[in-house]
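Let's go through this one by asking why each label is earned. Have the coordinates handy and check along.

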There are 2 protein chains.
Amino acid sequence: MNELAEKAVKLLTEKNLILATAESCTGGLIAKTITDVSGASQIFQCGIVAYANSIKRSVLGVKNETLKKYGAVSEETVREMSQGAIRISGADVSIAVSGIAGPSSDDTNKPVGLIWIAVNCKGNITVKRLDNSFSENVRESNRNSALTESLSLLNAVISDQ
Amino acid sequence: MNELAEKAVKLLTEKNLILATAESCTGGLIAKTITDVSGASQIFQCGIVAYANSIKRSVLGVKNETLKKYGAVSEETVREMSQGAIRISGADVSIAVSGIAGPSSDDTNKPVGLIWIAVNCKGNITVKRLDNSFSENVRESNRNSALTESLSLLNAVISDQ
């Protein structure tokens, strides 16, 4: 069991906050890890895996101009993904992640290992940029790093609530 | 790496089919396992984790009367979840799963280990019911069983396409 996820479920339950997720490169890993924890249904209701840009637009409401101007892997996009997750679900808090897990880059040639994370707590958005450069198991390492950093940021933000 | 997921990505790629997921009890595990496979972005665009009934209704379009009459863990609900996943994403194929992973039951007192799976391929829906009764690590075992059975059913259905 992931200790950060257990802590997140405990904190969210104590503070009576509902979480939603909007994931691109992690592909459901964050929602899966949260729901590994028994009792997660008390604080988690909705996760969106928006792997394609079309889904970031149509389901999460990310603006086409944002995707065109900044790309899917950008601070601006994860901010809008975090807002979309809250809008869809009515949650109090959301995690949004978009990055280049590898082994290949996307069509923008941004580096593999660039990952943007946003935690949105009732409209206040905190972002974090990762610049990973793993030499082995690149895809798995980048996804696990995004998971750990996302949950750490979530826990830091909700500890202050 | 999950061999069934690798086979699914290979088959979907060969047959030029796009997959979407609609997960309840597995909570993102299926989307995560598919996207563990490098190259999954060619065949996977959208996953919905509809943990709460409100999200099954609002995002996936499951009818309120279906949830009231048959419950969230039912053949009827997974059929509608599979249709919702395709409607939202424009995918060709979807997997939908709803079950009682445990350790506790839901408010219907259906047994822990009851899991319904639907695979929808261009409107043709194949369903499967699991009646698991694991004695240890019940939640993890039920979720992993749902993953394995879902991917097996998916691969069987798309092999025939």
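Q: What makes a residue pair across the interface of chain B and chain A count as a polar contact?
A: The rule wants a pair of N or O atoms within 3.5 Å; within protein, one must be able to donate a hydrogen and the other to accept it, and residues adjacent in sequence count only if both atoms are side-chain atoms. Across the interface of chain B and chain A, 22 residue pairs pass, both residues being at pLDDT 80 or more. By class, the side of chain B that touches chain A has 15 nonpolar, ten polar and four charged residues (Ala, Val, Leu, Ile, Met, Phe, Trp, Tyr, Cys and Pro count as nonpolar, Asp, Glu, Lys and Arg as charged, and the others, Gly among them, as polar).

Q: Where do these values come from, and what is left out?
A: This is a predicted model, where local features need pLDDT of at least 70, side-chain atom pairs count only at pLDDT 80 or more, and totals for chains, interfaces and linings use all residues. Residues are numbered from 1 along each chain as its sequence is written, chains are lettered from A and ligands numbered from 1 in the order in which they are written, and side-chain values use heavy atoms, with hydrogens and water left out.

Q: Why is the pair B:Arg143 and A:Asp36 called a salt bridge?
A: The term asks for a side-chain nitrogen of Lys or Arg within 4 Å of a carboxyl oxygen of Asp or Glu. In this pair the closest N and O atoms are 2.8 Å apart, so the test is met. Between chain B and chain A the count is two salt bridges, while a search of the whole structure finds 14 over all chains. B:Arg143 lies in helix 6 of chain B and A:Asp36 in the loop between helix 2 (29-35) and strand 2 of chain A, so this pair joins two chains. Helices (H or I, at least four residues) and strands (E, at least two) are DSSP runs, numbered from the N terminus.

Q: How many residues of chain B are in contact with chain A, and how much area is buried?
A: With contact meaning heavy atoms within 4.5 Å, 29 residues of chain B touch 29 residues of chain A. About 2,100 Å² is buried between the chains, 60% of it from carbon and sulfur atoms. That is accessible area (1.4 Å probe) lost on putting the two parts together, summed over both. B:Thr35, B:Gln45 and B:Tyr51 supply 24% of what chain B buries against chain A, more than any other three residues.

Q: How do you know which relation links chain B to chain A?
A: Superpose by least squares on the C-alpha atoms of residues with pLDDT of at least 70 in both. Chain B lands on chain A with an RMSD of 0.0 Å after a turn of 180° and a shift of 0.0 Å along the axis. That is the relation of a two-fold axis. Also, 100% of the interface residues of chain B are interface residues in chain A, so the copies meet through the same surface.

Q: Why do strand 2 of chain A and strand 2 of chain B count as paired?
A: Pairing takes at least two bridges found by DSSP, and these strands (residues 44-50 in chain A) have five, in the antiparallel sense, so they qualify. A:Ala50 stands opposite B:Cys46 there.

Q: What makes the peptide bond from B:Gly102 to B:Pro103 stand out?
A: This bond is cis, with omega near 10°. Most peptide bonds are trans. B:Pro103 is in the loop between strand 3 (93-99) and strand 4 of chain B.
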